[in-house]
Amino acid sequence: MTEKILVIGANGQIGTELVNALRQIHGSDKVIASDIKSPTFSIRHTGPFEIVNVLDEDNLHHVFNKHRPTQVYLLAAILSAVGEQKPKMAWDLNMTGLLHVLDYAVEFKVNKVFWPSSIAVFGPHSPQQHTPQYCVMDPNTVYGFSKLAGERWCEYYFNKYGLDVRSLRYPGLIGWRANPGGGTTDYAVHIFHEALKYGRYQSFLSANTALPMMYMDDAIRATLMLMDAPADKIKIRSSYNLAGISFTPAQLADQIKNIIPYFEISYTGSDPRQAIADSWPKSIDDADAQNDWGWQLEYDLPKIVEDMIVNLRRGL
Ligand code: AKB
């Protein structure tokens, strides 16, 4: 079957890479990138693009009607750190935007929908090590509880309307093609840019703050594997835990020093993002993703650091 794929929020950290990967698989004209802002160079020059505001029902309805997508990826969201500065706006975009897309996916009989959740759905009373799929969840950021509520909506649309909606709880994502947009894990991308430019970085998270992180290549591969898996293999219709690897800013800095020996890290000491990081898991158990659709991680920390530095150096 020929797919027609709509990616909403295509200019962001995940969207930039996902559009690229999807266009290589399905052909450029089959992947419609869309975002509230004009596209980046690579997206504009490789295929169709639409301006889409997920909060504008008429605009969104028009794009569904015009393209009749078979698959939709909804990536538009406000992340954890920016969400704390604009709580109502984060709730509105993350929740109302999702409901609009789910409704139009039902109306236009979209075959599959992907919507990203996050490790931010866990909170201070969730187990912090090897956090299981099912446990106490008391997120205390707007981003976290919008994602948790969104997961419930996804499962609800699957049960009530038979919509084939699939989701992953991404850890912090690290990639060189695009910058992250306002999350707590952003330090793990900024550190590379500053290491190469200035040889030093001041981390807003403390030296020993462990968080689950994942290389973008793994994240894109996991997303495509989940979307390609036969529907009967997808046992979880809220969102799958995805573990990645866990490390601290100090461990990341040590690994960078293996390639850039003069690199130095220092720590801000006080930043609101520290409290967010402290409320999140330090490591995740993703046994369900492994068992249900065969997920396996490829990039460990040395491999991530090497690949980031090689690719960023090429672009300097
Ligand atoms: C954030 O830091 O807000 C995101 C996330 C972990 O979902 N990268």
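What is the order of the strands in the open sheet of six strands? Let's start there and then work outwards to the helices. Please keep in mind that this is a predicted model.

## The sheet

The strands of the open sheet follow the order β3-β2-β1-β4-β5-β7, and their pairing is parallel. At the edges stand β3 (49-51) and β7 (165-166), each with a single partner strand, so one side of each has no neighbour in the sheet. As background, strands of a sheet pair through backbone hydrogen bonds, either parallel or antiparallel.

For one pairing in detail, look at strand β1 (residues 5-8) and strand β2 (residues 31-35): these two run parallel and are joined by four bridges. If you would like a specific spot to find, V7 has A33 in β2 as its bridge partner.

## A helix across the sheet

Next, turn to helix α8, which covers residues 216-228. Helix α8 lies across three strands, β4 (71-74), β5 (112-114) and β7. Relative to β5, α8 runs at about 155°.

## Helices α5 and α6

Two packed helices are described by the angle between their axes and the distance between the axes. Helix α5 (residues 87-107) packs with helix α6 (residues 142-161) at an angle of about 15°, and their axes are 9 Å apart. That angle makes α5 roughly parallel to α6. The crossing in which α5 passes α6 is right-handed.

Which residues of α5 and α6 meet? On the α5 side they are P87, A90, W91, N94, M95, L98, L99, L102, D103 and V106, and on the α6 side V142, Y143, F145, S146, A149, G150, W153, C154, Y157 and Y161. Sorted by class, this contact of α5 with α6 has 16 nonpolar, three polar and one charged residues.

## Helix α9 and its partners

Helix α9 (residues 249-259) takes part in a contact with helix α12 (residues 301-315), where the axes come within 10 Å and cross at roughly 55°. That makes α9 oblique to α12. The α9–α12 crossing is right-handed. From α9, the residues Q251, L252, Q255, I256 and I259 meet L301, P302, V305, E306, I309 and R313 of α12. By class, the contact of α9 with α12 holds seven nonpolar, two polar and two charged residues.

Helix α9 also meets α7. Their axes come within 11 Å and cross at roughly 30°, and α7 and α9 are therefore roughly parallel to each other. The crossing of α7 and α9 is right-handed. Here Y187, A188, I191, F192 and A195 in α7 meet P249, L252 and I256 in α9. The residues of this contact of α7 with α9 divide into eight nonpolar, no polar and no charged. Two residues of α9, L252 and I256, appear in the contact with α12 and also in the contact with α7.

## Salt bridges

How many salt bridges are there? The count comes to ten. One to look for is the salt bridge of R177 with E17, in which the closest N and O atoms are 2.7 Å apart. This pair links distant parts of the chain, 160 residues apart: R177 is in the loop between β9 (172-174) and α7 (187-198), while E17 is in helix α1 (residues 13-26).

## Two loop residues with positive phi

Finally, here are two backbone details. R68, a residue other than glycine, has a positive phi near 45°, and R68 lies in the loop between α3 (57-67) and β4. K109 is not a glycine either, yet its phi is positive at about 55°. You will find K109 in the loop between α5 and β5.

Terms used. Residues are numbered from 1 along each chain as its sequence is written. This is a predicted model: local features need pLDDT of at least 70, side-chain atom pairs count only at pLDDT 80 or more; totals for chains, interfaces and linings use all residues. Side-chain values use heavy atoms; hydrogens and water are left out. Axes are lines fitted to C-alpha atoms, for helices over the stretch in contact, and angles run from 0 to 180 degrees between N-to-C directions. Angles under 35 degrees count as roughly parallel, over 145 as roughly antiparallel, 65 to 115 as roughly perpendicular and the rest as oblique. A crossing is left-handed if the near helix is turned anticlockwise from the far one by less than a right angle, and right-handed if clockwise. Contact means heavy atoms within 4.5 Å. Ala, Val, Leu, Ile, Met, Phe, Trp, Tyr, Cys and Pro count as nonpolar, Asp, Glu, Lys and Arg as charged, and the others, Gly among them, as polar. Two strands pair if DSSP finds at least two bridges between them. A salt bridge is a side-chain nitrogen of Lys or Arg within 4 Å of a carboxyl oxygen of Asp or Glu.
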